[in-house]
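Here's a quick walk through a small set of features worth finding for yourself. Have a look at the sequence and the 3D view, then read on.

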Amino acid sequence: MIDQYEPVGDFFLHPPLDHDIAVGNLVTCICHGGLAIVIELYDTHSTDKLAMDMAKIWWVTKPKDRDAHIWMHTIRRLKKLN
């Protein structure tokens with residue numbers, strides 16, 4: 001299995017302007033699967049933080065190859081759970 005990680009360069013990408021992710025949303029991602037809750041956003045709407053394409057998430061169901069519940073994840077790869 002290929003190890004999944006967020007390259008350091010992803011922290012410097014501009015956040016997507018049209019995303020619909022908000023703090024408290026249940027999300028999944030296209031790279032790890034699993035279910036997570038968004039606990040913090042670092043996008044252009046977060047006025048006191050550096051704008052980047054990152055969200056802090058807490059995995060409700062952790063991906064099977066990871067032990068940590070809290071991750072930094074790119075916003076563009078997250079999908080809001082309906």
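## A nonpolar patch on the surface

Let's begin on the outside: L26, I39, W58, V60, I70 and L81 make a nonpolar surface patch of about 490 Å². Keep in mind as you look that this is a predicted model.

One member of the patch, L81, sits in the segment after β5, the strand that covers 78–80. Is L81 buried, partly exposed or exposed? L81 counts as partly exposed, because its relative accessibility is 43%, and the cut-offs are under 20% for buried and over 50% for exposed.

## The overall build

Zoom out, and the secondary structure of the protein chain comes to five strands and zero helices. Follow the chain along its sequence and the pattern reads β-β-β-β-β.

The protein chain has 82 residues, and 33% of them count as buried. About 5200 Å² of the chain is exposed, with carbon and sulfur atoms supplying 58% of that area. As for how the chain meets itself, take the contacts with a separation of 6 or more: residues 24 or more positions apart account for 48% of them.

## Two tryptophans that pair up

How many aromatic pairs does the structure hold? There is one, and the partners are W59 and W71. The arrangement is edge-to-face, with 5.2 Å centre to centre and 85° between the planes. Those two values are given because a pair of aromatic rings is described by the distance of the centres and the angle of the planes.

W59 belongs to strand β3 (residues 54–61) and W71 to strand β4 (residues 70–74), so the pair ties together parts that are twelve residues apart in sequence. Both partners are out of sight: W59 counts as buried at 0% relative accessibility, and W71 is buried too, with a relative accessible area of 13%.

## Two cysteines without a bond

Now for the cysteines. Searching the whole structure turns up zero disulfides. C29 is in no disulfide, and the nearest cysteine sulfur, that of C31, is 3.8 Å away.

Why is there no bond here for C31? The closest cysteine sulfur to that of C31 is in C29, and 3.8 Å is too far for a bond, because a disulfide needs the two sulfur atoms within 2.5 Å. In terms of cover, C29 counts as buried at 7% relative accessibility, whereas C31, at 23%, counts as partly exposed.

Key: Residues are numbered from 1 along each chain as its sequence is written. This is a predicted model: local features need pLDDT of at least 70, side-chain atom pairs count only at pLDDT 80 or more; totals for chains, interfaces and linings use all residues. Side-chain values use heavy atoms; hydrogens and water are left out. Buried means under 20% relative accessible area, exposed over 50%, partly exposed in between (1.4 Å probe, protein chains only). Patches are made of residues with over 30% relative accessible area and no salt bridge: like charges are joined within 9 Å, nonpolar side chains (Val, Leu, Ile, Met, Phe, Trp, Tyr) within 5 Å. Accessible areas come from the Shrake-Rupley method with a 1.4 Å probe; for residues, only the protein chains shown count as cover. A salt bridge is a side-chain nitrogen of Lys or Arg within 4 Å of a carboxyl oxygen of Asp or Glu. Helices (H or I, at least four residues) and strands (E, at least two) are DSSP runs, numbered from the N terminus. Rings of Phe, Tyr and Trp (its six-membered ring) pair if their centres lie within 6.5 Å; planes under 30 degrees apart count as stacked, over 60 as edge-to-face and the rest as tilted. Contact means heavy atoms within 4.5 Å.
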